[in-house]
Amino acid sequence: MVNALYAAGVLCTVLAGVALAVQTGTNATLAAVAGSRPFSAVVSFAVGTAACAVYFAVDCLALRHAPPTAPGIAAAPWWSWAGGLLGAYYVVVVIIFAQALGAGTLVSVFVTAQLATSVALDLAGLAGFSRRAVSWPRLLGVGLMVAGVVLVTRWPGALLAPSELQLRGASVSGESRRTLLAPSAVQLAGGGGSSSGGARGAAQLLTRAAPPPVPHFMGANAYWMPSSAAAGDTGAVDSVLDGLQRLGLTVVRTWAFGDGFPAAPGEYDEAQARRRRRRGSAGGRGLDYVVAGAARRGLRVVLALGNFWPAYVGPERWLAWAEGSAEGKTVADFYASGRAAALFEAHMRSVTARVSTVSGVALRDEPAVMGYDILNEPRCPGCDARGIAARDAWLRRMVEALRAAAPGQLIFSGTEGYFAPGDPRAAYNPGAGGQCEGEHWSQEVAYADVATVHIYYRRARPMGQQLESLAHLGWSKPGFDAYAAFLAAKLRLYDDDARAAGKELVIEEVVFAIVGAALVAAKQRGGNLRGALIWNAAHPGQPDVGGYNVDVTRPPSAGAAASLGARLRGGGGGGGGGSGPRPSPRPSPSPQFGRRLAQLVVTPGDDVLDAFRRGPAREACAAAAAGSWALAPDARGGGPDVGALRAAVAGVDVVDVIAQVTRALAA
């Protein structure tokens, strides 16, 4: 007959094992949501201490058991007081590694190590246990546990997401664009070798091995391709992918979200884009087609999983799904919502675990997928300290979740490169309002694997709230030469910050050809600037939103490219010699130069900071900052020889300049 006390003990032990496995997830979740691992550990022990205090009180007062005596406490060996420390070590390990290992791997390793240690303690009679002989059945039991760990860790299973269970079928002139892409003598300050072996963020080291280094590359954005492919226009997608391959562009960035993708939390409508085609909306099959097409051509893909802007599943949609409504709320509420964060985490798991209908390979296992942006341009405009803290905690949580979902692929920060108030680098913002965008790039560069910036130059035209048109201060748009000097200084700063953080730097959105020059120089000098992606690779029939389209279906002209290369070697590099054009005079900084640069904080005309995106708050912040902001002195002059570059690219098509840059990178 089974002893009742023994049976109760077995049952309670089983429940304790269940509780231990659940505790693994609760502690890790609290750490991710709160944005602090130590906080989760403290809460775990504080709650545990309170529960034990209640147990102690019940034991002494209700059950009438004698409390401990002072002589008994004094007689306890020193090592008997270490239990709490060992328990704290366990809790901290769980909090740090739970998401990376998963509950099955973590608990199986823990229990197996616990069993093996317990058998050893029995044999040696240590830690207060009586000595027990080790028999072959006991050793066999430990061996079977080790085999169980191997099975659990070798086949961990796919990360499941709700979608897997519920899956339903200011324009820039051509000359300016060419000039800013041409290889030149733009020099990045400082030396230094590749950052691939540099120190990584502590969180990254704790969750996985260092990511692979980013090769030097030039690529293109083509956000619209999954939409077109899902709508049946695969010919346009193929023509652009062929054009990218022909020009030597090796990376393409596109959207992995859109109308119907998701249509609701956990519901991904494969055919949504076929029924309601919108610029940029994505369907699952369209995404599969684009990734597979890129892979066939030897191209790598960067996928943006979400967007700060309303197109086409913006933060307000996630907030409404999570909280029932986004009415009267702002993007700061989105970042602070634990429910919205959980939904977005599930979305990231769903997309990365998606098995392609073309290749049969999950995106997280697809070699052609270089990595992901969690959110395109994750701003918090005009946010106070509490809003900024919520945004930062959200980003850290999403980085950890994405690392667990796709551990072999890179995470790009998706940020634009603004510096926060109080940061000395705020003097390198493109205007006083840059510090009001809710970024602090100098710190955020440590979050992800790859640091990113987005760089634009725009002609003066009405741009809504994004232009800081403070006429009473005499601000005006700077000329192109002045902007080129500012850009050169800022590229040096970005490269220095990336190097200090041990990160590679990628310019994710750019229409400037001077960036191509900086990219070539970075490769030659071993700088951390690794890549740049033009905005936007297009075909002849595509609407040109913002004037940034580059028709990559046109083949480069061999004669023009050769002529361009000869002219650049002859004198386009910034100074001297040969029969090339004479350098143009440097722009002379004026007292109002910093004020004129203030109008550079702009985004395309269809990207408006509405009330949800805290446009009024951002505008008020910019106006308040205007009186004290001034441009950094070293960004007011010098820089590349724009006159020589203009002469070098005169009459040359932009695709010829792109081909010249990619040739230089491949050399």
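Visitor: How much space lies in the largest cavity?

Guide: About 80 Å³, and keep in mind that this is a predicted model.

Visitor: What makes that space a cavity rather than a pocket?

Guide: A 1.4 Å probe fits there but cannot get out, whereas a pocket is an open set, so the space counts as a cavity.

Visitor: Which elements give two or more residues to its lining?

Guide: Those are α16 (385-405) and β5 (410-412). The lining includes Leu 395, Val 399, Ile 411, Phe 412 and Glu 444. By class, you get eight nonpolar, two polar and one charged residues.

Visitor: Glu 444 turns up in that lining. What makes its contact with Arg 391 a salt bridge?

Guide: The cut-off is 4 Å between a side-chain nitrogen of Lys or Arg and a carboxyl oxygen of Asp or Glu. Here the closest N and O atoms are 2.5 Å apart, so the pair is within the limit and qualifies.

Visitor: And which parts of the chain does that pair tie together?

Guide: Glu 444 sits in helix α17 (residues 441-444) and Arg 391 in helix α16, so the bridge joins parts 53 residues apart in sequence.

Visitor: Why are Glu 444 and Arg 391 classed as they are, buried or exposed?

Guide: Buried means under 20% relative accessible area. Glu 444 has 2%, so it counts as buried. Arg 391 has 0%, so that one is buried as well.

Visitor: How do you know that Arg 397 and Glu 345 link distant parts of the chain?

Guide: Check the helices: Arg 397 is in α16 and Glu 345 in α15 (residues 338-353), 52 residues apart. Their side chains meet in a salt bridge at 2.8 Å, N to O. At 9% relative accessibility Arg 397 is under the 20% line, so it counts as buried. Glu 345, at 13%, is also under that line, so it is buried too.

Visitor: What about Arg 499 and Asp 496: where do they lie?

Guide: Both are in helix α18 (residues 480-501), three residues apart, about one turn of the helix. The closest N and O atoms of this salt bridge are 3.2 Å apart.

Visitor: Why are these two called partly exposed?

Guide: That label covers values between 20% and 50%. Arg 499 has 25%, so it fits, and Asp 496, at 30%, fits too.

Visitor: How many salt bridges does the rule give?

Guide: The count comes to 24. Arg 253, Asp 373, Glu 508 and Glu 509 are linked in a network of them.

Note on methods
Residues numbered from 1 in each chain as written. Predicted model: local features only at pLDDT ≥ 70, side-chain atom pairs only at ≥ 80, totals over all residues. Heavy atoms only, no water. 1 Å grid on protein atoms, 1.4 Å probe; cavity = no way out; pocket = protein on both sides within 12 Å on 5 of 7 lines; lining within 4 Å. Points joined across faces, edges and corners; volume = space filled by probe spheres on them. Helix = DSSP H or I, 4+ residues; strand = E, 2+ residues; numbered from the N terminus. Nonpolar A, V, L, I, M, F, W, Y, C, P; charged D, E, K, R; others polar. Buried < 20%, exposed > 50% of the residue type's maximum accessible area, 1.4 Å probe, protein only.
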